[in-house]
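Reader: Could you walk me through this one slowly? I'd like to begin with how the chains meet.
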Number of protein chains: 2
Amino acid sequence: MPERIGKYTVSFSNRPTVLGYAAVAGKKEGEGPLARYFDAIFEDTTMGEKTWEKSESALQREAFSRSLDKAGYTPSQINYIFCGDLLNQSIASTFGLREFKVPLFGQFGACSTMAQTMAMSAVFIDSGAADTCAAITSSHFCSAERQFRTPLIYGGQRPPSAQWTATAAGCAILGLAGNGVRVAAVCGGRVNDLGINDINNMGAAMAPAAADTIANFLTDTQTKPEDYDLILTGDLSQIGTDLLYDLLERQQIDIRAAHNDCGLMLYDRESQDVHAGGSGCGCSAAVVCSWLLSKMEKGELNNVLFIGTGALMSPTSSQQGETVPGIAHLVHLVKK
Amino acid sequence: MPERIGKYTVSFSNRPTVLGYAAVAGKKEGEGPLARYFDAIFEDTTMGEKTWEKSESALQREAFSRSLDKAGYTPSQINYIFCGDLLNQSIASTFGLREFKVPLFGQFGACSTMAQTMAMSAVFIDSGAADTCAAITSSHFCSAERQFRTPLIYGGQRPPSAQWTATAAGCAILGLAGNGVRVAAVCGGRVNDLGINDINNMGAAMAPAAADTIANFLTDTQTKPEDYDLILTGDLSQIGTDLLYDLLERQQIDIRAAHNDCGLMLYDRESQDVHAGGSGCGCSAAVVCSWLLSKMEKGELNNVLFIGTGALMSPTSSQQGETVPGIAHLVHLVKK
């Protein structure tokens with residue numbers, strides 16, 4: 001059963017298990033260093049749809065269907081879907097998944113959504129509120145650029161601090177059966193706002209939230225960074241990662257030896273012109289639901305903290321002069 | 001502990017309790033039939049803020065602060081906030097609540113969000129994942145009109161099927177202490193889409209989802225409409241209510257005698273020019289967190305089904321020719 005540990009953390013005695021997982025990605029992601037881990041790479045990122053929003057919905061359908069297949073489940077065996085994305089009113093998720101007729105709770109944590117959907121699934125399963133849940137999220141470079149920045153056709157220049165929104169979706173099916181990767185604990189994040197107002201520097205906006213959640217979890221569990229094989233943040237990319245190290249160091253926490261970031265892993269920054277790195281809900285979803293879970297399944301990594309990081313602004317809030325608050329949710333994954 | 005009943009329903013043996021609740025509303029809502037139940041009525045719906053989005057954030061802060069006061073809790077005693085709203089990237093919630101530094105999980109269920117946040121809170125509390133949670137949502141007529149329809153200054157005509165987005169917020173603090181109203185069960189809703197594509201007829205778009213969830217819950221629990229003092233839907237208003245009766249009648253379910261709808265209760269449709277009735281996340285939030293919970297606290301209503309209803313479109317999806325899918329989540333409330 002879920003049990004509260006310290007002020008922010010919940011541990012799971014039944015340890016909800018990953019029954020299946022899948023990640024699908026676009027052409028650019030398929031040219032990156034993690035390509036061989038993806039379940040499908042779509043050279044045509046329209047996915048045969050007439051709009052980018054419908055393309056992103058198609059990515060969600062692909063990720064959900066493929067992870068169900070790998071788990072050996074049908075949609076009707078899933079009690080709840082926890083899903084979300086970056087689009088206004090989460091239309092990538094709701095339109096993408098409506099045909100499956102599974103009860104659905106929309107989640108919004110910006111780019112932290114993969115961690116949030118896994119956390120919700122874990123609480124529901126560990127407590128008996130559900131037998132099986134799906135945690136799923138997506139992003140699409142073209143739908144995100146149009147909505148948050150400028151239409152693609154405008155050809156806006158990107159500053160070096162900008163990140164590249166991943167065209168990808170990831171899904172994990174969680175339940176109680178089997179011998180797979182398990183969720184040992186989650187730590188819910190608080191909104192952190194240090195006054196960053198540059199919407200082309202999301203990494204800096206999210207780093208304080210990541211530092212806050214990591215420090216809270218280590219305090220709650222009385223553990224140290226060296227206790228973990230990997231501390232994997234969502235999509236801080238280069239600038240956010242450097243800031244995270246600085247912020248944690250002020251609290252005498254050094255995660256450098258164990259840390260990596262999905263935004264730094266998804267692309268080859270030397271050759272792929274992504275500036276500070278990757279971002280978008282689909283970035284951490286694709287890295288977690290391919291590379292990470294397969295490494296853990298094989299026992300190459302056994303004790304991992306995944307910290308999804310999100311920037312909570314909208315174009316409206318930024319136009320109104322608001323800062324960019326960040327949030328980060330942590331999922332502790334184990335394989336033993 | 002949470003226990004699954006039938007295919008869609010979760011019941012709670014510890015029965016999470018409403019420790020405090022508050023509803024705040026705007027001028028028009030304060031001229032309606034439920035005015036005396038509200039904790040505050042703001043004649044100036046700018047709330048002293050420079051933009052309507054910031055005004056809506058202020059409504060959320062007011063609802064959260066007042067419900068905490070009534071429960072006798074401070075923000076630091078709340079383990080998680082479950083919150084959401086209709087604005088792009090849920091900025092009313094995230095910006096409105098950031099200052100409280102409480103871990104926060106953003107929820108998106110369109111106008112079903114009040115029921116969804118209560119459902120999440122109940123699962124977390126009943127299972128031990130949390131001791132206290134806040135369930136909170138809002139809407140604001142002016143921020144919603146600007147985002148979903150036309151700027152106010154445009155003065156667009158509203159057809160008779162249109163609903164009036166409530167300027168209101170509601171919050172319920174849930175925990176395990178005390179002798180208050182309890183959450184006995186929840187039933188998660190599926191996306192239902194019968195092909196409605198008129199964005200000025202949300203009631204029709206949401207009615208199939210409400211019918212689906214009500215029928216699922218009654219089947220799962222082997223109960224009948226007459227077992228309940230009240231079956232309260234979120235904001236179907238007049239057209240949606242009539243459709244709901246028809247859809248349920250096809251399954252030999254007649255809820256007429258026990259049914260009411262928050263969208264029909266919030267305004268006086270004769271004198272207040274709201275056409276089909278009220279809508280918006282804040283509509284059901286304000287009715288539930290004032291009239292309903294106070295009636296239940298006094299024992300005037302003891303066994304109530306609250307079904308939040310949401311229309312899952314965005315302006316983008318509608319412009320792309322999409323239909324309007326609906327969703328409905330059910331919360332079973334008891335006082336005994």
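Author: Let me begin with a term: a polar contact is a pair of N or O atoms within 3.5 Å, where, within protein, one must be able to donate a hydrogen and the other to accept it. Please also keep in mind that this is a predicted model.

Reader: OK, so how many residue pairs are in polar contact across the interface of chain A and chain B?
Author: The rule finds 33 such residue pairs across that interface, counting those with both residues at pLDDT 80 or more. On the side of chain A that touches chain B, the residues divide into 27 nonpolar, 22 polar and twelve charged.

Reader: And how much area do chain A and chain B bury between them?
Author: Together they bury about 5100 Å², and 57% of that lies on carbon and sulfur atoms. In terms of residues, 61 of chain A are in contact with 61 of chain B.

Reader: How many salt bridges are there across the interface?
Author: The rule finds six between chain A and chain B, and Arg98(A) takes part in a salt bridge with Glu322(B), with an N to O distance of 3.0 Å. Over all chains, the count comes to 28.

Reader: What about Arg146(B), which residue does it form a salt bridge with?
Author: Its partner is Glu53(B), and their closest N and O atoms are 2.6 Å apart. Because Arg146(B) lies in helix 4 (residues 141-148) of chain B and Glu53(B) in helix 1 (residues 52-71) of chain B, the pair ties together parts that are 93 residues apart in sequence.

Reader: Switching topic, in which sense does strand 6 of chain A pair with strand 6 of chain B?
Author: These two strands, each covering residues 104-108, pair in the antiparallel sense over three bridges, and Gln107(A) stands opposite Gln107(B) there.

Reader: What turn lays chain A on chain B?
Author: A turn of 180 degrees, with a shift of 0.0 Å along the axis, gives an RMSD of 0.0 Å. The two copies are therefore related as by a two-fold rotation axis. The same surface serves both, since 100% of the contact residues of chain A recur in chain B.

Technical notes:
Residues are numbered from 1 along each chain as its sequence is written. Chains are lettered from A and ligands numbered from 1 in the order in which they are written. This is a predicted model: local features need pLDDT of at least 70, side-chain atom pairs count only at pLDDT 80 or more; totals for chains, interfaces and linings use all residues. Side-chain values use heavy atoms; hydrogens and water are left out. Contact means heavy atoms within 4.5 Å. Buried area is the accessible area (1.4 Å probe) that two parts lose on being put together, summed over both. A salt bridge is a side-chain nitrogen of Lys or Arg within 4 Å of a carboxyl oxygen of Asp or Glu. A polar contact is a pair of N or O atoms within 3.5 Å; within protein, one must be able to donate a hydrogen and the other to accept it, and residues adjacent in sequence count only if both atoms are side-chain atoms. Ala, Val, Leu, Ile, Met, Phe, Trp, Tyr, Cys and Pro count as nonpolar, Asp, Glu, Lys and Arg as charged, and the others, Gly among them, as polar. Two strands pair if DSSP finds at least two bridges between them. Helices (H or I, at least four residues) and strands (E, at least two) are DSSP runs, numbered from the N terminus. Copies are superposed by least squares on the C-alpha atoms of residues with pLDDT of at least 70 in both.
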